[in-house]
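Please read the following report on selected local features alongside the sequence and the structure.

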Amino acid sequence: MTILMFILGIVVFAVGLLVSIAWHELGHLSTAKLFGIRVPQYMVGFGPTVWSRKKGETEYGIKAIPLGGYIRMIGMFPPDDQGRVSARSTSPWRGMIEDARSAAFEELRAGDETRMFYTRKPWKRIIVMFAGPFMNLILAIGLFLTVLMGFGIQQETTTVESVSPCVISQSEHRDTCKKSDPASPAAKAGVKAGDRIVSLGGVPTDDWNRLSDLIRESAGKSVPIVVDRKGEQLTLHAEIATNQVAKKDSSGAYVEGEYVKAGFLGFSPARGVVKQDFGQSVTWMGDRVGDAVDSLVSLPGKIPALWDAAFGDGPREPDSPMGIVGAARVTGEIATLDIPASQQLAMAVFVVAGFNLSLFLFNMLPLLPLDGGHIAGALWEALRRNVARVLRRPDPGPFDVARLMPVAYVVAGIFVCFTVLVLIADVVNPVKIS
(Lines give C-alpha, C1' and ligand atoms only; values in the text may rest on other atoms or scores of the structure.)
Protein backbone atom coordinates (compact mmCIF):
# COMPACT_ATOMS: atom_id res chain seq x y z
CA MET A 1 0.00 0.00 0.00
CA THR A 2 2.87 2.39 0.85
CA ILE A 3 4.53 1.77 -2.52
CA LEU A 4 1.21 2.32 -4.29
CA MET A 5 0.69 5.64 -2.49
CA PHE A 6 4.28 6.66 -3.28
CA ILE A 7 3.67 6.00 -7.00
CA LEU A 8 0.36 7.85 -6.82
CA GLY A 9 2.14 10.89 -5.37
CA ILE A 10 4.66 10.84 -8.23
CA VAL A 11 1.81 10.60 -10.75
CA VAL A 12 0.13 13.64 -9.16
CA PHE A 13 3.34 15.64 -9.55
CA ALA A 14 3.85 14.42 -13.13
CA VAL A 15 0.36 15.58 -14.07
CA GLY A 16 0.97 18.91 -12.36
CA LEU A 17 4.28 19.23 -14.23
CA LEU A 18 2.66 18.62 -17.62
CA VAL A 19 -0.14 21.08 -16.88
CA SER A 20 2.43 23.68 -15.78
CA ILE A 21 4.45 23.25 -18.99
CA ALA A 22 1.37 23.38 -21.23
CA TRP A 23 0.09 26.43 -19.33
CA HIS A 24 3.45 28.20 -19.76
CA GLU A 25 3.53 27.60 -23.51
CA LEU A 26 -0.13 28.60 -23.81
CA GLY A 27 0.91 32.06 -22.62
CA HIS A 28 3.42 32.35 -25.45
CA LEU A 29 0.97 30.86 -27.97
CA SER A 30 -2.04 33.02 -27.14
CA THR A 31 -0.15 36.31 -27.16
CA ALA A 32 1.78 35.40 -30.33
CA LYS A 33 -1.50 34.70 -32.12
CA LEU A 34 -3.00 37.85 -30.62
CA PHE A 35 -0.29 39.91 -32.32
CA GLY A 36 -0.59 38.04 -35.64
CA ILE A 37 2.64 36.02 -35.41
CA ARG A 38 2.49 32.68 -37.23
CA VAL A 39 3.04 29.72 -34.89
CA PRO A 40 3.64 26.42 -36.74
CA GLN A 41 3.97 24.24 -33.59
CA TYR A 42 2.79 23.97 -29.99
CA MET A 43 4.36 20.99 -28.22
CA VAL A 44 4.41 19.66 -24.66
CA GLY A 45 7.54 17.57 -24.07
CA PHE A 46 10.59 16.70 -26.16
CA GLY A 47 11.73 13.79 -28.28
CA PRO A 48 9.49 11.62 -30.48
CA THR A 49 5.94 12.83 -31.01
CA VAL A 50 3.37 10.65 -29.21
CA TRP A 51 0.30 12.48 -30.50
CA SER A 52 -0.34 15.53 -32.61
CA ARG A 53 -3.14 17.22 -34.48
CA LYS A 54 -3.08 20.19 -36.79
CA LYS A 55 -5.70 22.85 -36.27
CA GLY A 56 -5.55 25.81 -38.57
CA GLU A 57 -1.92 26.72 -39.16
CA THR A 58 -0.61 25.25 -35.87
CA GLU A 59 0.29 21.65 -35.03
CA TYR A 60 -0.58 20.76 -31.43
CA GLY A 61 1.04 17.71 -29.87
CA ILE A 62 2.57 15.76 -26.98
CA LYS A 63 6.08 14.33 -27.07
CA ALA A 64 7.58 11.38 -25.23
CA ILE A 65 9.85 13.18 -22.72
CA PRO A 66 7.81 15.42 -20.37
CA LEU A 67 10.69 17.69 -19.34
CA GLY A 68 9.67 20.86 -21.09
CA GLY A 69 7.74 22.24 -24.02
CA TYR A 70 7.89 24.85 -26.74
CA ILE A 71 6.12 26.78 -29.45
CA ARG A 72 7.79 27.60 -32.76
CA MET A 73 7.39 31.10 -34.14
CA ILE A 74 8.26 32.40 -37.60
CA GLY A 75 11.03 34.98 -37.60
CA MET A 76 12.19 34.73 -34.00
CA PHE A 77 15.44 36.29 -35.25
CA PRO A 78 15.96 38.82 -38.07
CA PRO A 79 17.04 37.37 -41.43
CA ASP A 80 20.69 36.51 -42.01
CA ASP A 81 22.82 38.00 -44.77
CA GLN A 82 21.14 35.72 -47.33
CA GLY A 83 17.68 36.83 -46.21
CA ARG A 84 16.78 33.50 -44.58
CA VAL A 85 14.40 33.35 -41.63
CA SER A 86 14.18 30.39 -39.25
CA ALA A 87 11.24 29.14 -37.20
CA ARG A 88 12.41 29.12 -33.61
CA SER A 89 11.12 27.60 -30.37
CA THR A 90 10.55 29.27 -27.01
CA SER A 91 12.13 26.42 -25.06
CA PRO A 92 15.63 27.23 -23.80
CA TRP A 93 16.65 23.57 -23.97
CA ARG A 94 15.39 23.05 -27.50
CA GLY A 95 16.81 26.41 -28.53
CA MET A 96 20.19 25.24 -27.24
CA ILE A 97 20.41 22.58 -29.95
CA GLU A 98 18.93 24.68 -32.75
CA ASP A 99 21.37 26.88 -34.56
CA ALA A 100 20.08 30.42 -34.81
CA ARG A 101 20.97 30.37 -38.49
CA SER A 102 19.96 26.80 -39.23
CA ALA A 103 20.11 25.73 -42.85
CA ALA A 104 16.90 23.80 -42.22
CA PHE A 105 14.82 26.96 -42.06
CA GLU A 106 11.14 26.91 -42.77
CA GLU A 107 10.21 28.54 -46.05
CA LEU A 108 8.15 31.65 -45.68
CA ARG A 109 4.65 31.37 -47.01
CA ALA A 110 2.89 34.10 -48.89
CA GLY A 111 1.87 36.77 -46.41
CA ASP A 112 4.37 35.74 -43.71
CA GLU A 113 6.51 38.80 -44.40
CA THR A 114 4.27 40.73 -42.02
CA ARG A 115 3.75 37.88 -39.52
CA MET A 116 7.29 37.36 -38.22
CA PHE A 117 8.17 37.73 -34.55
CA TYR A 118 11.07 40.14 -35.07
CA THR A 119 8.86 42.55 -37.07
CA ARG A 120 6.65 43.23 -34.05
CA LYS A 121 7.27 46.28 -31.90
CA PRO A 122 9.49 45.63 -28.87
CA TRP A 123 6.60 45.98 -26.39
CA LYS A 124 4.67 43.26 -28.22
CA ARG A 125 7.67 40.93 -28.22
CA ILE A 126 8.14 41.59 -24.50
CA ILE A 127 4.52 40.61 -23.87
CA VAL A 128 4.89 37.40 -25.91
CA MET A 129 8.04 36.32 -24.04
CA PHE A 130 6.78 37.45 -20.63
CA ALA A 131 3.43 35.70 -21.06
CA GLY A 132 4.91 32.23 -20.54
CA PRO A 133 6.55 32.87 -17.13
CA PHE A 134 3.59 35.04 -16.15
CA MET A 135 1.24 32.08 -16.66
CA ASN A 136 3.40 30.10 -14.22
CA LEU A 137 3.14 32.94 -11.71
CA ILE A 138 -0.66 33.07 -12.10
CA LEU A 139 -0.88 29.29 -11.64
CA ALA A 140 1.36 29.43 -8.56
CA ILE A 141 -0.80 32.17 -6.99
CA GLY A 142 -3.99 30.25 -7.76
CA LEU A 143 -2.65 27.02 -6.25
CA PHE A 144 -1.25 28.77 -3.17
CA LEU A 145 -4.57 30.54 -2.54
CA THR A 146 -6.45 27.26 -2.98
CA VAL A 147 -4.37 25.60 -0.29
CA LEU A 148 -4.10 28.55 2.10
CA MET A 149 -7.78 29.53 2.02
CA GLY A 150 -9.36 26.18 1.15
CA PHE A 151 -7.32 23.59 3.03
CA GLY A 152 -5.30 25.61 5.54
CA ILE A 153 -1.71 25.11 6.64
CA GLN A 154 0.00 23.69 9.68
CA GLN A 155 0.95 26.44 12.13
CA GLU A 156 0.97 27.34 15.80
CA THR A 157 -2.47 28.10 17.23
CA THR A 158 -3.77 29.88 20.33
CA THR A 159 -4.51 26.50 21.94
CA VAL A 160 -2.18 25.47 24.77
CA GLU A 161 -0.15 22.32 24.11
CA SER A 162 1.70 22.31 27.44
CA VAL A 163 2.41 24.69 30.33
CA SER A 164 5.95 25.44 31.48
CA PRO A 165 6.27 24.91 35.24
CA CYS A 166 8.95 27.59 35.59
CA VAL A 167 10.67 30.51 33.87
CA ILE A 168 13.73 29.34 31.92
CA SER A 169 15.77 31.57 29.63
CA GLN A 170 15.38 30.16 26.12
CA SER A 171 19.08 30.73 25.47
CA GLU A 172 19.93 28.08 28.12
CA HIS A 173 18.41 25.27 26.03
CA ARG A 174 17.20 23.18 28.97
CA ASP A 175 13.83 21.69 29.84
CA THR A 176 14.19 20.88 33.54
CA CYS A 177 13.58 23.44 36.26
CA LYS A 178 16.03 24.38 38.99
CA LYS A 179 14.93 25.18 42.54
CA SER A 180 15.92 28.79 41.94
CA ASP A 181 13.69 29.13 38.88
CA PRO A 182 10.45 31.05 39.59
CA ALA A 183 7.11 29.51 38.64
CA SER A 184 5.88 30.51 35.19
CA PRO A 185 3.07 33.11 34.99
CA ALA A 186 0.90 30.62 33.08
CA ALA A 187 1.29 27.96 35.79
CA LYS A 188 0.54 30.44 38.57
CA ALA A 189 -2.50 31.78 36.71
CA GLY A 190 -3.96 28.28 36.28
CA VAL A 191 -3.60 27.92 32.52
CA LYS A 192 -3.98 24.26 31.48
CA ALA A 193 -3.15 22.17 28.43
CA GLY A 194 -6.08 22.24 26.03
CA ASP A 195 -7.13 25.79 26.92
CA ARG A 196 -7.72 28.07 23.95
CA ILE A 197 -6.71 31.65 24.71
CA VAL A 198 -9.54 33.90 23.55
CA SER A 199 -8.09 37.26 24.61
CA LEU A 200 -5.16 38.73 26.52
CA GLY A 201 -5.38 42.12 28.22
CA GLY A 202 -8.78 42.66 26.61
CA VAL A 203 -7.43 42.15 23.07
CA PRO A 204 -8.99 39.26 21.07
CA THR A 205 -6.43 36.66 20.01
CA ASP A 206 -7.35 34.32 17.17
CA ASP A 207 -3.83 34.25 15.71
CA TRP A 208 -0.68 32.89 17.34
CA ASN A 209 1.64 35.59 16.04
CA ARG A 210 -0.68 38.27 17.40
CA LEU A 211 -0.91 36.52 20.78
CA SER A 212 2.87 36.07 20.91
CA ASP A 213 3.42 39.78 20.20
CA LEU A 214 0.91 40.76 22.88
CA ILE A 215 2.70 38.60 25.46
CA ARG A 216 6.09 40.04 24.52
CA GLU A 217 4.75 43.60 24.78
CA SER A 218 3.22 42.99 28.23
CA ALA A 219 6.43 42.36 30.22
CA GLY A 220 5.95 43.27 33.88
CA LYS A 221 2.19 43.85 33.51
CA SER A 222 -0.74 42.16 35.22
CA VAL A 223 -3.20 41.17 32.52
CA PRO A 224 -6.50 39.28 32.37
CA ILE A 225 -6.49 36.17 30.18
CA VAL A 226 -9.77 34.78 28.85
CA VAL A 227 -9.53 31.08 27.97
CA ASP A 228 -11.99 28.65 26.45
CA ARG A 229 -11.86 25.44 28.48
CA LYS A 230 -14.11 22.70 27.12
CA GLY A 231 -16.65 25.24 25.87
CA GLU A 232 -16.64 27.38 29.01
CA GLN A 233 -14.92 30.77 29.07
CA LEU A 234 -12.85 31.53 32.17
CA THR A 235 -11.00 34.71 33.10
CA LEU A 236 -7.55 34.17 34.61
CA HIS A 237 -5.01 36.74 35.76
CA ALA A 238 -1.28 36.57 35.14
CA GLU A 239 1.77 38.67 35.96
CA ILE A 240 3.71 38.58 32.70
CA ALA A 241 7.39 37.89 33.46
CA THR A 242 10.40 39.37 31.69
CA ASN A 243 12.56 36.67 30.13
CA GLN A 244 15.15 36.09 27.43
CA VAL A 245 13.24 34.73 24.43
CA ALA A 246 13.99 33.98 20.79
CA LYS A 247 14.10 37.02 18.51
CA LYS A 248 11.47 37.28 15.77
CA ASP A 249 11.92 38.80 12.33
CA SER A 250 9.41 41.02 10.51
CA SER A 251 7.47 37.99 9.25
CA GLY A 252 7.13 36.49 12.74
CA ALA A 253 9.70 33.71 12.21
CA TYR A 254 12.22 32.98 14.94
CA VAL A 255 15.81 34.08 14.28
CA GLU A 256 18.11 31.18 15.13
CA GLY A 257 20.69 31.94 17.83
CA GLU A 258 19.42 35.46 18.61
CA TYR A 259 17.51 36.44 21.77
CA VAL A 260 15.81 39.49 23.23
CA LYS A 261 14.31 40.40 26.60
CA ALA A 262 10.53 40.42 26.37
CA GLY A 263 7.33 39.32 28.07
CA PHE A 264 6.99 35.62 28.93
CA LEU A 265 3.82 33.72 29.86
CA GLY A 266 5.15 30.17 29.83
CA PHE A 267 3.29 27.76 27.54
CA SER A 268 3.84 25.96 24.25
CA PRO A 269 1.23 26.46 21.52
CA ALA A 270 -0.40 23.48 19.86
CA ARG A 271 -0.03 23.11 16.11
CA GLY A 272 -3.03 22.66 13.86
CA VAL A 273 -4.39 23.21 10.37
CA VAL A 274 -5.53 26.82 10.10
CA LYS A 275 -7.29 28.34 7.09
CA GLN A 276 -5.93 31.74 6.10
CA ASP A 277 -7.96 34.73 5.00
CA PHE A 278 -7.09 36.60 1.82
CA GLY A 279 -4.88 39.17 3.55
CA GLN A 280 -2.95 36.51 5.46
CA SER A 281 -2.56 34.52 2.25
CA VAL A 282 -1.14 37.51 0.37
CA THR A 283 1.32 38.18 3.20
CA TRP A 284 2.35 34.52 3.27
CA MET A 285 2.88 34.44 -0.50
CA GLY A 286 4.89 37.67 -0.36
CA ASP A 287 7.20 36.07 2.20
CA ARG A 288 7.59 32.96 0.01
CA VAL A 289 8.45 35.05 -3.04
CA GLY A 290 11.11 36.81 -0.98
CA ASP A 291 12.45 33.44 0.18
CA ALA A 292 12.50 32.16 -3.42
CA VAL A 293 14.40 35.22 -4.64
CA ASP A 294 16.92 34.83 -1.82
CA SER A 295 17.35 31.15 -2.72
CA LEU A 296 17.91 32.00 -6.38
CA VAL A 297 20.52 34.62 -5.49
CA SER A 298 22.30 32.25 -3.11
CA LEU A 299 22.17 29.32 -5.56
CA PRO A 300 25.84 29.51 -6.68
CA GLY A 301 26.99 29.37 -3.06
CA LYS A 302 25.11 26.09 -2.52
CA ILE A 303 26.87 24.23 -5.33
CA PRO A 304 29.87 23.04 -3.22
CA ALA A 305 27.57 21.49 -0.59
CA LEU A 306 25.44 19.97 -3.35
CA TRP A 307 28.55 18.45 -4.96
CA ASP A 308 29.65 17.03 -1.61
CA ALA A 309 26.17 15.55 -1.07
CA ALA A 310 26.21 13.97 -4.54
CA PHE A 311 29.79 12.66 -4.67
CA GLY A 312 31.03 12.82 -1.08
CA ASP A 313 29.84 12.14 2.44
CA GLY A 314 28.16 15.50 2.95
CA PRO A 315 24.56 15.69 4.16
CA ARG A 316 21.79 16.90 1.85
CA GLU A 317 20.60 20.15 3.39
CA PRO A 318 16.81 20.74 3.64
CA ASP A 319 17.15 23.93 1.55
CA SER A 320 19.37 22.25 -1.04
CA PRO A 321 18.48 22.86 -4.72
CA MET A 322 16.10 20.18 -5.96
CA GLY A 323 15.15 19.17 -9.50
CA ILE A 324 12.14 17.50 -11.08
CA VAL A 325 13.19 14.04 -9.89
CA GLY A 326 13.65 15.29 -6.34
CA ALA A 327 10.32 17.12 -6.36
CA ALA A 328 8.56 14.01 -7.69
CA ARG A 329 10.15 11.93 -4.95
CA VAL A 330 9.08 14.39 -2.26
CA THR A 331 5.52 14.33 -3.59
CA GLY A 332 5.62 10.55 -3.45
CA GLU A 333 6.77 10.67 0.18
CA ILE A 334 3.98 13.12 1.01
CA ALA A 335 1.44 10.54 -0.19
CA THR A 336 2.83 8.02 2.34
CA LEU A 337 2.69 10.32 5.39
CA ASP A 338 0.33 9.43 8.22
CA ILE A 339 -1.76 12.58 7.85
CA PRO A 340 -5.29 13.23 6.56
CA ALA A 341 -5.74 12.81 2.81
CA SER A 342 -6.74 16.47 2.54
CA GLN A 343 -3.38 17.53 3.92
CA GLN A 344 -1.54 15.10 1.63
CA LEU A 345 -3.29 16.71 -1.34
CA ALA A 346 -2.61 20.21 0.01
CA MET A 347 1.12 19.50 0.42
CA ALA A 348 1.34 17.99 -3.07
CA VAL A 349 -0.36 21.08 -4.53
CA PHE A 350 2.14 23.20 -2.59
CA VAL A 351 5.02 21.40 -4.32
CA VAL A 352 3.49 22.06 -7.76
CA ALA A 353 2.83 25.69 -6.81
CA GLY A 354 6.42 26.12 -5.64
CA PHE A 355 7.65 24.57 -8.90
CA ASN A 356 5.66 27.15 -10.89
CA LEU A 357 6.98 30.01 -8.78
CA SER A 358 10.53 28.78 -9.42
CA LEU A 359 9.82 28.53 -13.16
CA PHE A 360 8.65 32.15 -13.19
CA LEU A 361 11.69 33.50 -11.36
CA PHE A 362 14.18 31.33 -13.25
CA ASN A 363 12.78 32.25 -16.67
CA MET A 364 12.90 35.95 -15.82
CA LEU A 365 16.68 35.93 -15.50
CA PRO A 366 17.96 38.30 -18.24
CA LEU A 367 20.05 35.58 -19.88
CA LEU A 368 19.67 33.82 -23.20
CA PRO A 369 18.29 31.31 -23.96
CA LEU A 370 15.73 32.05 -21.22
CA ASP A 371 12.62 34.14 -21.83
CA GLY A 372 14.19 36.93 -19.78
CA GLY A 373 17.09 37.10 -22.25
CA HIS A 374 14.72 37.76 -25.15
CA ILE A 375 12.91 40.37 -23.02
CA ALA A 376 16.24 42.06 -22.30
CA GLY A 377 17.03 42.08 -26.04
CA ALA A 378 13.69 43.74 -26.85
CA LEU A 379 14.22 46.32 -24.10
CA TRP A 380 17.68 47.12 -25.48
CA GLU A 381 16.24 47.51 -28.98
CA ALA A 382 13.53 49.87 -27.69
CA LEU A 383 16.14 51.92 -25.83
CA ARG A 384 18.51 52.37 -28.76
CA ARG A 385 15.67 53.14 -31.19
CA ASN A 386 14.28 55.80 -28.83
CA VAL A 387 17.75 57.27 -28.32
CA ALA A 388 18.24 57.41 -32.10
CA ARG A 389 14.87 59.12 -32.48
CA VAL A 390 15.70 61.73 -29.83
CA LEU A 391 19.12 62.38 -31.39
CA ARG A 392 17.55 62.39 -34.87
CA ARG A 393 19.75 59.59 -36.07
CA PRO A 394 18.77 56.81 -38.51
CA ASP A 395 16.71 53.96 -37.05
CA PRO A 396 19.24 51.23 -36.08
CA GLY A 397 16.64 48.58 -36.89
CA PRO A 398 15.85 45.42 -34.90
CA PHE A 399 18.44 44.16 -32.46
CA ASP A 400 19.72 40.78 -33.66
CA VAL A 401 19.54 38.58 -30.55
CA ALA A 402 21.15 35.79 -32.57
CA ARG A 403 24.47 37.59 -32.14
CA LEU A 404 24.35 36.59 -28.48
CA MET A 405 23.88 32.89 -29.20
CA PRO A 406 27.52 32.01 -28.34
CA VAL A 407 26.86 33.43 -24.87
CA ALA A 408 23.55 31.58 -24.79
CA TYR A 409 25.32 28.29 -25.45
CA VAL A 410 27.69 28.91 -22.54
CA VAL A 411 24.79 29.79 -20.22
CA ALA A 412 22.80 26.78 -21.40
CA GLY A 413 25.86 24.57 -20.86
CA ILE A 414 26.13 25.79 -17.26
CA PHE A 415 22.42 25.14 -16.74
CA VAL A 416 22.74 21.62 -18.13
CA CYS A 417 25.72 20.82 -15.89
CA PHE A 418 23.87 22.16 -12.87
CA THR A 419 20.75 20.15 -13.80
CA VAL A 420 22.80 16.96 -14.07
CA LEU A 421 24.42 17.65 -10.68
CA VAL A 422 21.02 18.17 -9.06
CA LEU A 423 19.69 15.02 -10.73
CA ILE A 424 22.56 12.92 -9.37
CA ALA A 425 22.09 14.38 -5.89
CA ASP A 426 18.33 13.73 -6.07
CA VAL A 427 19.02 10.07 -6.87
CA VAL A 428 21.92 9.21 -4.54
CA ASN A 429 21.24 11.59 -1.64
CA PRO A 430 17.69 12.96 -1.94
CA VAL A 431 16.04 15.66 0.14
CA LYS A 432 13.71 13.94 2.60
CA ILE A 433 10.71 15.19 4.52
CA SER A 434 9.67 14.36 8.07
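## Surface patch, helix pair and loop residues

Ile3, Ile7, Leu8, Val11, Val12, Val15 and Val19 make a nonpolar surface patch of about 610 Å², where patches are made of residues with over 30% relative accessible area and no salt bridge, like charges being joined within 9 Å and nonpolar side chains (Val, Leu, Ile, Met, Phe, Trp, Tyr) within 5 Å. A salt bridge is a side-chain nitrogen of Lys or Arg within 4 Å of a carboxyl oxygen of Asp or Glu. This is a predicted model, in which local features need pLDDT of at least 70 and side-chain atom pairs count only at pLDDT 80 or more, while totals for chains, interfaces and linings use all residues. Residues are numbered from 1 along each chain as its sequence is written, and side-chain values use heavy atoms, with hydrogens and water left out.

Val19 lies in helix α1 (residues 2–34), helices being DSSP runs (H or I, at least four residues) and strands likewise (E, at least two), numbered from the N terminus. With a relative accessible area of 46%, Val19 is partly exposed, a class between buried (under 20%) and exposed (over 50%), using a 1.4 Å probe and protein chains only.

Helix α8 (residues 324–336) and helix α9 (residues 341–363) have axes that come within 8 Å and cross at roughly 165°. That makes α8 roughly antiparallel to α9, a term for angles over 145 degrees.

Two loop residues other than glycine have a positive phi, as tabulated with their relative accessibility.

| Residue | Phi | Loop | Accessibility |
|---|---|---|---|
| Lys230 | near 55° | between β7 (222–229) and β8 (232–239) | 87%, exposed |
| Arg392 | near 55° | between α10 (371–390) and α11 (405–428) | 80%, exposed |

Key:
Accessible areas come from the Shrake-Rupley method with a 1.4 Å probe; for residues, only the protein chains shown count as cover. Axes are lines fitted to C-alpha atoms, for helices over the stretch in contact, and angles run from 0 to 180 degrees between N-to-C directions. Angles under 35 degrees count as roughly parallel, over 145 as roughly antiparallel, 65 to 115 as roughly perpendicular and the rest as oblique.
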